[in-house]
Amino acid sequence: MAGIEAGKKAAAIAAVNNHIKDGQVVGIGSGTTVVSAVQRIAERVKQENLKLVCIPTSFQAKQLILENNLVLGTLEQYPELDVAIDGADEVDAALTCIKGGGGCLTQEKIVANCAKEFIVIADER
Ligand SMILES: O=C(CO)[C@H](O)[C@H](O)COP(=O)(O)O
């Protein structure tokens, strides 16, 4: 795996290990980094029998949730999320972050705003 991909994956795994807990409602972001995060969430659900509900920010996120056999929820059912997890486009040394250039621009911000905690996965700054 190339350096950037390995970095993204390691950051995604660390984010899930450190911030996802049993019983949570979890917002799932969009992009390539989130793929590794969702795979790690699915591993932990299997290994630790975590009870999670996942709220997607896009069609891609919905498909990821379903493909990984996670429980899919909607914002209408769960208007308050415990945590949302997403990738970043760029992060500078002061942790200023740019994200959201795609079709999920609006929905990912709505989901993040409904979450008590917003975790941005970044592999370098
Ligand atoms: O904000 C986003 C989509 O709207 C993505 O999270 C952001 O673009 C990062 O993408 P990637 O994980 O593919 O680098």
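**Ligand contacts and cysteines**

Modeller: In this predicted model, an oxygen atom of the ligand is 2.5 Å from a side-chain N or O atom of T32. Local features here need pLDDT of at least 70, and side-chain atom pairs count only at pLDDT 80 or more. Residues are numbered from 1 along each chain, and side-chain values use heavy atoms, without hydrogens and water.

Biologist: What makes the T32 pair a polar contact?

Modeller: A polar contact is a pair of N or O atoms within 3.5 Å, and T32 has its pair at 2.5 Å, so the pair counts. T33 has a polar side-chain atom 2.6 Å from a ligand oxygen, and for the side chain of D86 the distance is 3.0 Å. The protein covers 86% of the 370 Å² of accessible area (Shrake-Rupley method, 1.4 Å probe) that the ligand has on its own.

Biologist: Which residues are closest to the ligand?

Modeller: They're T32, T33, D89, K99 and G100, out of 15 that surround the ligand (a heavy atom within 4 Å).

Biologist: How do you know that C54 is in no disulfide?

Modeller: A disulfide is a covalent bond between the sulfur atoms of two cysteines. Here the cut-off is a pair of cysteine sulfur atoms within 2.5 Å. The structure holds zero disulfides: for C54, the nearest cysteine sulfur, that of C114, is 15 Å away, so C54 is in none.

Biologist: Why is C54 called buried?

Modeller: Buried means under 20% relative accessible area, exposed means over 50%, and partly exposed is in between (1.4 Å probe, protein chains only). C54 has 0% relative accessibility, so it counts as buried.

Biologist: And why is C114 called partly exposed?

Modeller: C114 counts as partly exposed because its relative accessibility is 23%.

Terms used. Polar contact = N/O pair within 3.5 Å; in protein donor to acceptor, adjacent residues only side chain to side chain.
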